[in-house]
Amino acid sequence: MKVILDECLPKRLARELTGHEAVTVPMAGWAGIQNGDLLRRIAGNYDAFITIDGNLVHQQNTASLSFSVIILRAPSNKFEDIHPLIPDILQALATAKPGQILYVPE
C-alpha cells in the first residue's frame, strides 16, 4: 500500500510501516501545502494518509476521498508517543478502504 504521512509526523515513522511504501509530505515535495489542496494531490497517488490532525474531518470534505485517512490519537507528534501505536497503525492499514476514516487507537 502507498502511504503518505502528514508533515507534522516524524519521518522515522515511515520506516516503521513495514510492508508498505511510505513517504512523508515533505518527501513528496508538498511541504507547506494546505489540507484541501494536499488531499487533492494525494488522490490517485496514495492509498492512505496518516495524520495526527483530528480536526481534518471537520475542516475538509472527506466523504468522497479515493484513499483512507488514519488519524492518530497520541499525546503529541513525537516519535516516542507515536511508536507504541505502530501495531495498531499497521492493522488499520490492513483493513482500510478508500474514503474510510480510521482512528488509532479506536
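Which side chains along E5 point to one face and are buried, and which point to the other and are not? Leu-102 and Val-104 are the buried ones on one face, while Ile-101 and Tyr-103 point to the other face and are not buried. The model described here is predicted. Strand E5 belongs to an open sheet of five strands, and the structure holds one salt bridge. The points below take the sheet, two helices, a buried acidic residue and two backbone details in turn.

**The sheet**

- The strands of the open sheet follow the order E2-E1-E3-E4-E5, and their pairing is parallel.
- Strand E2 (21–24) and strand E5 (101–104) are at the edges with a single partner strand each, so one side of each has no neighbour in the sheet.
- On average, neighbouring strands of this sheet are turned by 20 degrees against each other, direction ignored.
- In general, the strands of a sheet pair through backbone hydrogen bonds, in either a parallel or an antiparallel way.
- Strand E1 (residues 2–5) runs parallel to E2 and is joined to E2 by four bridges. Within this pair, Leu-5 is placed opposite Thr-24 in E2.
- Four bridges also link E4 and E5, again in the parallel sense. Here Ile-71 stands opposite Tyr-103 in E5, and Tyr-103 is one of the E5 residues that are not buried.

**Helix H2 and the salt bridge**

- The buried residues of H2 are Asn-35, Gly-36, Leu-38, Leu-39 and Ile-42. Viewed down the axis of H2, they fall within an arc of 165 degrees, so they line one face of the helix.
- The one salt bridge of the structure joins the side chains of Asp-37 and Arg-41, at 3.2 Å from N to O.
- Asp-37 and Arg-41 are four residues apart in helix H2 (residues 35–42), which means that about one helical turn separates them.
- Both partners are partly exposed: Asp-37 has a relative accessible area of 29%, and Arg-41 has one of 30%.
- Gly-44, just after H2, takes a positive phi of about 85 degrees.

**Helix H5**

- In helix H5 (residues 86–95), the buried residues are Ile-86, Ile-89, Ala-92 and Leu-93. Seen down the axis of H5, these residues lie within an arc of 115 degrees, so they line one face of the helix.
- The exposed residues Pro-87 and Ala-94 are on the face of H5 turned away from its buried side.
- The cover over the buried residues of H5 includes strands E1, E3 (48–51), E4 (68–72) and E5. Helices H1 (12–16) and H4 (79–82) are also part of that cover.

**A buried acidic residue**

- Asp-6 is located in the loop between E1 and H1.
- Asp-6 is buried but has no salt bridge. The nearest side chain of opposite charge is that of Arg-41, 12 Å away; Arg-41 is in a salt bridge with Asp-37.
- With its neighbours within four places in sequence left aside, Asp-6 is in contact with Val-25, Leu-38, Phe-49, Ile-50, Thr-51 and Asp-53. Among these contacts, Leu-38 is one of the buried residues of H2.

**After strand E5**

- Pro-105 is in the segment after E5.
- The peptide bond that leads from Val-104 to Pro-105 is cis, with omega near -10 degrees. Val-104 is one of the buried residues of E5.

Note on methods:
Residues numbered from 1 in each chain as written. Predicted model: local features only at pLDDT ≥ 70, side-chain atom pairs only at ≥ 80, totals over all residues. Heavy atoms only, no water. Pairing = 2+ DSSP bridges. Axes fitted to C-alpha atoms, helices over the stretch in contact; angles between N-to-C directions. Salt bridge = Lys/Arg side-chain N within 4 Å of Asp/Glu carboxyl O. Buried < 20%, exposed > 50% of the residue type's maximum accessible area, 1.4 Å probe, protein only. Arc of directions from axis to C-beta. Contact = heavy atoms within 4.5 Å. Lys, Arg positive; Asp, Glu negative; His and termini not counted.
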